[in-house]
Amino acid sequence: MAIDYKPAIHFKHVDYSIGDLNILKDITGSFPAGKITTLVGPSGAGKTTLLKLCNGLLSPKSGEIYINGVSIQQYEPVELRRTVGIALQSAPMIDGSVYDNLNLPLALKNEKLEESRALSLLEDVGLEKELLKRNVKDLSGGQRQKVSIARTLVNRPQILLLDEITSSLDRTSLKEIEELVVKINRKYKAAIIWITHNLQQALEIGDFTWVMMNGEVVETGESELLEDPHNEKVKVFVKGEVK
Amino acid sequence: MTYLTLSITLIFVVIPLILSKTLNLGLEKDTIIATIRSIVQLLAVGFILKFVFDSESLLYIFLMVTLMIVAATHNAQKKGAAIKGITWKIAVTLVFVEILTQSILLGFNITPPTAQYIISISGMVIGNSMVLSILFLNRFTSEVESHQDQTELILSLGGTPKQAIHRQLIQSIKASMIPTIESQKTVGLVQLPGMMSGQIIAGADPIQAVQFQLLIMFLLLTTAAVTSVLLGFLSYPTLFNQRMQLLKN
């Protein structure tokens, strides 16, 4: 897929297993730079595992992963994770204020986030400036997800991984996050890989889509493929989901 | 105390047995096993101590302390089975605590270098260190498990394993030390420590017994702090691999 685009991430025969359980099987393909690629598929398809491989939270059992053309093994783990940011599904927060959470990526480097930049990040993700001092315990689900994305942006990642960030949100928050992802993609020129269960969302927001099932990539292409997939299993999967 | 009066004290075992039987607590078997074990183990240790004290041999003192460390390590390691190499980590911790405390006690002439003092104090230090190890490992494994998402968050943002586990480590160290600190706050008000009571019963001057008890209590503060901190810093690196990934069991 997308052979005309420079790949931000490229997989070459990647396998991942836990014990005897094969989670990912022979994954080969690319996520294009500067584009939004959605990962869709039923639960247990291996989507989250795939994202964690890109961020170095996990390592493949075999095969190669290239980030911006460089083998993932060549990266120091810390450097890799700052280049490839990930917003986790549960949007975990450290205890404290929104500022404490935004400051976290820099605090890990013994640096401090300027308040002006923190406010600018809040603005980027569509949150009011007043929230900066608020305790994260008092945030709604949507606000937490936005803070989580803003926090990931602090490291200025070239690639942004989003793991089902809208799965527990109401319709309004969901739309806001969708607009935000598109905005980030345009403003930061970051490649975005987004796991979603919402096929309509994948169709509308994604430039490209990977459909995964049982640890395999069964179909890839421009997102419109979801309207008329070739693979029989994918046809069954999307039936009734895309309106 | 004669063996006859000692056997009369078994009344204190009969009372819980009757209660357990009457209320169907199902603790009769465990109570009987605990009673028999305590009689056999304490009498055995009494005879061994008498032999060691009489001999005044450094080798026997060393063997006695080693036996204590081996038994304490064996007991504590069950709680940290999830942590790779936990047995030697506990053993190193206990040995370090023992060497540290005895060096201070003997180096400053606080206690005389006799078997009577070294073995008795070592027993208290190693026993306390074992309990602290169990408390720490219990808390640490549950903290690591329940805060996996936070650990992963910090790693994902470019944090090191030490940064990722820092909160859980500190919480576990604090939690394991709290019982020692709290019990010292109420000592003398709520309870008289067993060792001090024993000395007083044996006819020692209460003020001297208190002084000795204070020494032991301060000693146990160091034991608690050093055990949990050392064991914590020895344990956390094994939760991660070379690529700074959290290893899941």
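## Chain B: overall make-up

In this predicted model, chain B contains 10 helices and 0 strands. Read along the sequence, its pattern is α-α-α-α-α-α-α-α-α-α. The C-alpha atoms of chain B fill a box of roughly 70 × 55 × 35 Å along the principal axes.

Chain B has 249 residues, of which 37% count as buried. If contacts in chain B are restricted to residues at least 6 apart in sequence, 71% of them join residues at least 24 apart.

## Two buried positions in chain B

B:Leu219 belongs to helix α10 of chain B, which covers residues 206-235. Its relative accessible area is 10%, so B:Leu219 is classed as buried, the cut-off being under 20%. Apart from residues up to four places away in sequence, B:Leu219 touches B:Thr101, B:Leu105, B:Ile121 and B:Val125. B:Ser197 is 22 residues from B:Leu219 in sequence, and the C-alpha atoms of the two are 18 Å apart in space.

B:Asn128 is located in helix α6 of chain B. With a relative accessibility of 17%, B:Asn128 also counts as buried, because the limit is under 20%. When neighbours within four places in sequence are left aside, the contacts of B:Asn128 are B:Leu220, B:Thr223 and B:Ala224.

## The open sheet of chain A

Chain A has an open sheet of 4 strands in the order β2-β1-β4-β5, with antiparallel pairing. β2 (21-32) and β5 (70-71) of chain A each have a single partner strand and therefore stand at the edges, with one side of each left without a neighbour in the sheet. The pairing of β4(A), residues 62-67, with β5(A) is antiparallel and comprises 2 bridges. Within it, A:Tyr66 has A:Ser71 of β5(A) as its bridge partner.

Helix α1 of chain A, residues 47-55, lies across β1 (7-18), β2 and β4 of chain A. The helix runs at about 60 degrees to β2(A).

## Strand β3 of chain A

Strand β3 of chain A spans residues 36-40, and 5 of its 5 residues are buried. Both faces of β3(A) are covered. A:Ile36, A:Thr38 and A:Val40 are on one side, with A:Thr37 and A:Leu39 on the other.

β3(A) runs parallel to strand β8 of chain A, residues 191-195, and is joined to β8(A) by 4 bridges. One bridge partner in β8(A) is A:Ile193, which pairs with A:Thr37. Another 4 bridges join β3(A) to β9(A), also in the parallel sense. Opposite A:Val40 in β9(A) stands A:Val211.

## Nonpolar cores

In soluble globular proteins, nonpolar side chains tend to be buried together. Here the largest nonpolar core has 71 residues, and A:Ile9 and A:Phe11 have the most contacts inside it. Helix α6 of chain B, residues 115-146, supplies the largest share of this core, with 10 residues. A second, separate core has 35 residues, including A:Val98, A:Leu102, A:Val136 and A:Leu180.

Which residues are in contact with A:Phe11, leaving aside its neighbours within four places in sequence? They are A:Ile27, A:Thr28, A:Gly29, A:Phe31, A:Leu50, A:Cys54, A:Glu64, A:Ile65 and A:Trp210.

## Aromatic residues

Over all chains, 7 aromatic pairs are found. One is formed by A:Phe31 and A:Trp210, whose ring centres are 4.4 Å apart, with 40 degrees between the planes. This pair counts as tilted, because 40 degrees is neither under 30 nor over 60. The pair links distant parts of the chain: A:Phe31 is in strand β2 of chain A and A:Trp210 is in strand β9 (residues 208-213) of chain A, 179 residues apart. Both A:Phe31 and A:Trp210 are buried.

Together with A:Phe11, the residues A:Phe31 and A:Trp210 form one aromatic cluster. A:Phe11 is also one of the residues with the most contacts inside the largest nonpolar core. A charge is placed over another ring of chain A: A:Lys133 lies over the face of A:Tyr99, at 5.4 Å from the ring centre.

Notes:
Residues are numbered from 1 along each chain as its sequence is written. Chains are lettered from A and ligands numbered from 1 in the order in which they are written. This is a predicted model: local features need pLDDT of at least 70, side-chain atom pairs count only at pLDDT 80 or more; totals for chains, interfaces and linings use all residues. Side-chain values use heavy atoms; hydrogens and water are left out. Two strands pair if DSSP finds at least two bridges between them. Contact means heavy atoms within 4.5 Å. Axes are lines fitted to C-alpha atoms, for helices over the stretch in contact, and angles run from 0 to 180 degrees between N-to-C directions. A nonpolar core is a set of buried Ala, Val, Leu, Ile, Met, Phe, Trp, Tyr and Cys residues joined through side-chain atoms within 4.5 Å. Buried means under 20% relative accessible area, exposed over 50%, partly exposed in between (1.4 Å probe, protein chains only). Rings of Phe, Tyr and Trp (its six-membered ring) pair if their centres lie within 6.5 Å; planes under 30 degrees apart count as stacked, over 60 as edge-to-face and the rest as tilted. A charge sits over a ring if NZ of Lys or CZ of Arg is within 6 Å of the ring centre and within 35 degrees of the ring normal.
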